[in-house]
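Q: Could you show me, step by step, how to read the features of a protein model, beginning with a single residue and moving on to strands, helices and pockets?

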Amino acid sequence: FDSLPRLSIFEQFNEFNSLPLITHGKPKPFHTESLRLLGVEDYRLVAFDGGSWKVDRLYFPAILAPTGSPSPHAVSWLRRRFLPVSPAHKCNTPRAIYVSRQDATQRRLLNESEIVGYLQRLGFEVVCPGNLSLAEQIAIFSEAKFVVAPHGAGLTNMVFAHTDATLLEFFGRNYINGCYWALTNTIGQRHAFL
């Protein structure tokens, strides 16, 4: 929501489509995957080494909205650009998913096995986004109608869920972050929290 939608400027100025993109250090695999899905080839990526650089001309698109409050333009652009390039799973019924943070070091649910057992009896499947490619995450969330999860970055994928999807988000007693409430409201989805 902060970085990728800044590339939407490419759609307005074709001459930008061949310029190199300066990245903050060596991109991680999910960075290059997301850029490839947008049609940005690896050869255009130039890793900033932290030194002093001199360039003839530098284009630096502004962030579209404050972190945690995605702009409607960013949300619609991400949906428009990523949903068509995602492989469909051909699921006949909307999916109900529980997003696990089992691979996280913080904000893990102490009684996750109990919650998973309960939700699986209701037809939910368990998804751990950190173990999936971006394309796989997009495909799964694009079919999701109900999502239950502790607060975490995996919920960014709600941008790809049905417009009438519902998110039930878990928070600790001493921490509430409204970024996914803001996202779901921008899309028109329902949001509740415990």
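A: Let us begin with one residue, keeping in mind that this is a predicted model. Ala104 has a relative accessibility of 15%, and it counts as buried because the cut-off for buried is under 20%. Ala104 belongs to the loop between β3 and α3 (112–121). Its C-alpha atom is 36 Å from that of Trp53, a residue 51 places away along the chain.

Q: Is Phe48 buried, exposed or partly exposed, and which residues is Phe48 in contact with beyond its neighbours within four places in sequence?

A: Phe48 is partly exposed, since its relative accessible area is 32%, and this residue lies in strand β2 (residues 45–48). Once the neighbours within four places in sequence are left aside, Phe48 is in contact with Ile22, Thr23, Gly25 and Trp53. For Thr23, which is 25 residues away along the chain, the C-alpha atom is separated from that of Phe48 by 5.8 Å.

Q: Now I would like to read the strands; which strands does β5 pair with, and in what sense?

A: The general idea is that in a regular strand the side chains alternate between the two faces of the sheet. In this structure, β5 pairs in the parallel sense with strand β3 (residues 95–99), over 4 bridges. With strand β6 (residues 166–170), β5 also pairs in the parallel sense, here over 5 bridges. Particular residues let you find these pairings in the picture: Ala96 stands opposite Phe146 in β5, while Ala149 stands opposite Glu169 in β6 and Pro150 stands opposite Phe170 in β6.

Q: How many residues of β5 are buried, and which strand is joined to β6 by 4 bridges?

A: Strand β5, which covers residues 144–150, is mostly covered, with 5 of its 7 residues buried. The strand joined to β6 by 4 bridges is β7 (residues 190–193), and these two run parallel. Within that pairing, Leu167 has His191 in β7 as its bridge partner.

Q: How should I read a helix, and which residues of α4 are buried?

A: An α-helix has 3.6 residues a turn, so residues three or four places apart point the same way. Helix α4 (residues 134–142) is mostly covered, as 7 of its 9 residues are buried. The buried residues in α4 are Leu134, Ala135, Gln137, Ile138, Ala139, Ile140 and Phe141. Among the elements that cover them are α1 (29–37), α2 (72–82), β3, β4 (125–127) and β5.

Q: What covers the buried residues of α2, and what covers those of α3?

A: In α2, the buried residues are Ala74, Val75, Trp77, Leu78, Arg79 and Phe82, and their cover includes α1, α4 and α5 (179–187). In α3, the buried residues are Glu112, Ile115, Val116, Gly117 and Leu119, and their cover includes the strands β3, β4, β5 and β6. Just after α3 you can also look for Gly123, which takes a positive phi of about 100°.

Q: How many disulfides are found in the whole structure, and why does Cys128 not form a bond with Cys179?

A: When reading cysteines, begin with the distance between their sulfur atoms. A search of the whole structure finds 0 disulfides. The closest cysteine sulfur to that of Cys128 is in Cys179, and the two do not form a bond because 18 Å is too far. Cys179, likewise, is in no disulfide, the nearest cysteine sulfur being that of Cys128. As for their surroundings, Cys128 is buried, with a relative accessible area of 8%, and Cys179 is also buried, with a value of 15%.

Q: Finally, which residues line the second largest pocket, and how many of them are nonpolar, polar or charged?

A: A pocket can be read by its space, its lining and the classes of its residues. The second largest pocket holds about 230 Å³ of space. Its lining is formed by Arg107, Arg108, Leu109, Pro150, His151, Phe170, Phe171, Gly172, Asn174, Tyr175 and Leu194. By class, this lining has 6 nonpolar, 3 polar and 2 charged residues. Two of the lining residues, Pro150 and Phe170, have already appeared in the discussion of the strands, where Pro150 stands opposite Phe170 in β6.

Note on methods
Residues are numbered from 1 along each chain as its sequence is written. This is a predicted model: local features need pLDDT of at least 70, side-chain atom pairs count only at pLDDT 80 or more; totals for chains, interfaces and linings use all residues. Side-chain values use heavy atoms; hydrogens and water are left out. Buried means under 20% relative accessible area, exposed over 50%, partly exposed in between (1.4 Å probe, protein chains only). Two strands pair if DSSP finds at least two bridges between them. A disulfide is a pair of cysteine sulfur atoms within 2.5 Å. On a 1 Å grid over the protein atoms alone, a cavity is a set of points where a 1.4 Å probe fits but cannot get out, and a pocket is an open set with protein on both sides within 12 Å along at least five of seven lines; lining residues have an atom within 4 Å of a point. Grid points are joined across faces, edges and corners, and a volume is the space filled by probe spheres set on the points. Ala, Val, Leu, Ile, Met, Phe, Trp, Tyr, Cys and Pro count as nonpolar, Asp, Glu, Lys and Arg as charged, and the others, Gly among them, as polar. Contact means heavy atoms within 4.5 Å.
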